[in-house]
Amino acid sequence: FKILNQSKKMRFISGLFLDRDGVLVEEVGYLHQKQHINLMPFAKDIIKIANSRGVAVIVISNQSGIARGIYDWVAYDSKKKFIHSYIMIRHELMLQ
């Protein structure tokens, strides 16, 4: 642990952490196919409010499907990128 520059004041950024399955998108059990990705009805509004207030929106997700061999990291990363681009491009919202 090292303090790099003590002369500058620390800047804190607010963040909103959203679980992916069941909060951001509908829970379908081991989401690994794009056609099963459906944005939760309230998610767009929550992200829009956070964006308008300068609050970073961070998507989190535990992926036991990878550990169980249902899908791999490549499939997970593909769905993550699809969800982020779907929200950011189609709905013009910002995710971190």
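This report walks through the core, helix α1, the salt bridges and the aromatic pair of a predicted model.

## The nonpolar core

Let's start on the inside. The largest nonpolar core holds 14 residues, and the ones with the most contacts inside it are Leu-24, Ile-47, Val-57, Ile-83 and Ile-87. Helices α1 (43–52) and α3 each put in at least two residues, with α1 giving the largest share, 3 residues. As background, nonpolar side chains in soluble globular proteins tend to be buried together.

Val-57 is a handy residue to click on here. Setting aside neighbours within four places in sequence, Val-57 touches Leu-16, Leu-18, Ile-47, Ala-50, Asn-51, Met-94, Leu-95 and Gln-96. Two of those partners, Ile-47 and Ala-50, are buried residues of α1.

## The two sides of α1

Helix α1 has buried residues at Ala-43, Ile-47 and Ala-50. They sit on the same side of α1, because they cover an arc of only 60 degrees around the axis. The spacing rule behind this kind of pattern is a familiar one: an α-helix has 3.6 residues a turn, so residues three or four places apart point the same way.

What lies over that buried side? The cover for the buried residues of α1 includes β1 (15–19), β2 (56–60) and α3. On the face turned away from the buried side you'll find the exposed residues Lys-48 and Ser-52. Just after the helix, Gly-54 takes a positive phi of about 75 degrees.

## Salt bridges

The model has 3 salt bridges. In general, side chains of opposite charge can pair when their charged atoms come close. One bridge joins Arg-20 and Asp-21, whose closest N and O atoms are 2.8 Å apart. Both Arg-20 and Asp-21 are buried.

Asp-77, Lys-80 and Lys-81 are linked in a salt-bridge network. Asp-77 pairs with Lys-80 at 3.6 Å between the closest N and O atoms, and with Lys-81 at 3.0 Å, again between the closest N and O atoms. How does the helix bring these residues together? Lys-80 and Asp-77 are 3 residues apart in helix α3, so about one helical turn separates them. Lys-81 and Asp-77 are 4 residues apart in helix α3, which also amounts to about one helical turn.

The accessibilities in this network vary. Asp-77 is partly exposed at 25% relative accessibility, and Lys-80 is partly exposed too, with a relative accessible area of 34%. Lys-81 reaches 52% and counts as exposed, since the cut-off for exposed is over 50%.

## The aromatic pair

A search of the whole structure turns up 1 aromatic pair. Trp-73 and Tyr-76 make that pair with an edge-to-face arrangement, 5.7 Å centre to centre and 90 degrees between the planes.

Both residues belong to helix α3 (residues 73–90), and they are 3 residues apart, so about one helical turn lies between them. Are these two buried or exposed? Trp-73 is exposed at 60% relative accessibility, whereas Tyr-76 is buried, with a relative accessible area of 16%.

How values were computed. Residues are numbered from 1 along each chain as its sequence is written. This is a predicted model: local features need pLDDT of at least 70, side-chain atom pairs count only at pLDDT 80 or more; totals for chains, interfaces and linings use all residues. Side-chain values use heavy atoms; hydrogens and water are left out. Rings of Phe, Tyr and Trp (its six-membered ring) pair if their centres lie within 6.5 Å; planes under 30 degrees apart count as stacked, over 60 as edge-to-face and the rest as tilted. Buried means under 20% relative accessible area, exposed over 50%, partly exposed in between (1.4 Å probe, protein chains only). A salt bridge is a side-chain nitrogen of Lys or Arg within 4 Å of a carboxyl oxygen of Asp or Glu. A nonpolar core is a set of buried Ala, Val, Leu, Ile, Met, Phe, Trp, Tyr and Cys residues joined through side-chain atoms within 4.5 Å. Contact means heavy atoms within 4.5 Å. The arc is that of the directions from the helix axis to the C-beta atoms.
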